[in-house]
Amino acid sequence: MKLVFDHVFKNYGVINALKDIDFKINSGDFVFIVGPSGSGKSTLIKLILNQTTPSEGKIFIDDHLLYTSTKKTIESLRRQIGVIFQDYQLIPDKTVEENIALALDIINTPAVQIPQKVDTVINLVNLSSRRHLFPRQLSGGELQRTALARALVVDPKMILADEPTGNLDIENAWNLVKILQDYNQKSGATIIMTTHNLDILESLKKRVITMKYGEIVSDTAPASPQKIKKHKHSPKLKK
């Protein structure tokens with residue numbers, strides 16, 4: 001999915017959350033958005049998800065202007081976007097597989113297809129032995145992998161990962177990033193990830209959009225496409 005912000009401003013009363021945000025992310029790109037707390041990253045995510053509308057400017061997803069598109073179009077676009085939150089946002093009284101399956105229920109996936117799709121992503125994120133557990137029984141890494149599986153199960157054309165490694169140790173952070181990197185390369189999905197992890201930024205050599213006080217202060221392209229570098233903190237995925 002292609003994303004365009006065309007001179008976007010977002011105000012909350014007298015607070016200028018975003019100021020003249022202007023960029024394009026092409027389909028299949030893997031882009032990091034970085035910046036300190038309060039720089040506008042979360043507002044950016046909310047705008048992409050159409051949870052709020054810009055005060056000025058235009059936002060396009062695959063050439064659809066968000067705030068003038070029909071409800072049907074907005075719902076169709078939203079179903080193609082997987083979201084991973086730093087605080088997981090899992091339903092506490094549902095098991096791992098039930099939380100993942102819920103994403104498929106929401107987009108009206110035929111019931112007969114759901115078990116196989118859930119199995120596929122549970123195996124991908126190495127949670128087969130935890131599938132019948134509830135969120136309170138999981139570690140932080142397992143919670144985030146559940147959230148990742150929930151995002152992937154809908155075969156998204158775009159993934160928004162909002163600080164997905166913020167609560168993870170080094171090994172689990174690298175495992176998650178490796179899965180995102182592989183999904184990007186195999187599916188061609190667009191990945192937009194906010195992060196404070198400089199180690200990951202330096203190793204992946206992706207485009208980095210840096211924000212501060214609601215503005216873009218730099219937008220740097222990668223020198224050349226690369227796989228994840230060998231690094232002392234980038235372990236292999238555990239089986």
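# Charged side chains: salt bridges and a negative patch

E97, D119 and R131 are linked in a network of salt bridges. The model is predicted. In total, the structure holds 7 salt bridges. Side chains of opposite charge can pair when their charged atoms come close. Three of the pairs are described below, followed by a negative surface patch.

**The R131–D119 pair**

- Within the network of E97, D119 and R131, the side chains of R131 and D119 form a salt bridge, with 2.7 Å from N to O.
- This pair links distant parts of the chain, 12 residues apart.
- D119 sits in helix 4 (114-124).
- R131 sits in the loop between helix 4 and helix 5 (140-152).
- R131 has a relative accessible area of 17%, so it counts as buried, the cut-off being under 20%.
- D119 is partly exposed, at 30% relative accessibility.

**The D219–R207 pair**

- D219 and R207 meet through their side chains in a salt bridge, at 2.8 Å from N to O.
- D219 belongs to strand 10 (residues 215-220) and R207 to strand 9 (residues 207-212), so the salt bridge ties together parts 12 residues apart in sequence.
- R207 is buried, at 14% relative accessibility.
- D219 is partly exposed, with a relative accessible area of 36%.

**The K2–D63 pair**

- K2 and D63 form a salt bridge, and their closest N and O atoms are 3.2 Å apart.
- The two residues are 61 residues apart, and the pair links distant parts of the chain.
- K2 lies in the segment before strand 1 (3-12).
- D63 lies in the loop between strand 4 (56-61) and strand 5 (64-65).
- K2 has a relative accessible area of 25%, which makes it partly exposed.
- D63 has a relative accessible area of 57%, so it counts as exposed, the cut-off being over 50%.

**The negative surface patch**

- D6, D20, D22, E56 and E215 form a negative surface patch.
- One of its members, D20, is found in strand 2 (residues 15-25).
- Is D20 buried or partly exposed? D20 is partly exposed, because its relative accessibility is 39% and the partly exposed class runs between 20% and 50%.

Technical notes. Residues are numbered from 1 along each chain as its sequence is written. This is a predicted model: local features need pLDDT of at least 70, side-chain atom pairs count only at pLDDT 80 or more; totals for chains, interfaces and linings use all residues. Side-chain values use heavy atoms; hydrogens and water are left out. Patches are made of residues with over 30% relative accessible area and no salt bridge: like charges are joined within 9 Å, nonpolar side chains (Val, Leu, Ile, Met, Phe, Trp, Tyr) within 5 Å. Accessible areas come from the Shrake-Rupley method with a 1.4 Å probe; for residues, only the protein chains shown count as cover. A salt bridge is a side-chain nitrogen of Lys or Arg within 4 Å of a carboxyl oxygen of Asp or Glu. Lys and Arg count as positive and Asp and Glu as negative; His and the chain ends are not counted. The place of a charge is taken as NZ of Lys, CZ of Arg, CG of Asp or CD of Glu. Helices (H or I, at least four residues) and strands (E, at least two) are DSSP runs, numbered from the N terminus. Buried means under 20% relative accessible area, exposed over 50%, partly exposed in between (1.4 Å probe, protein chains only).
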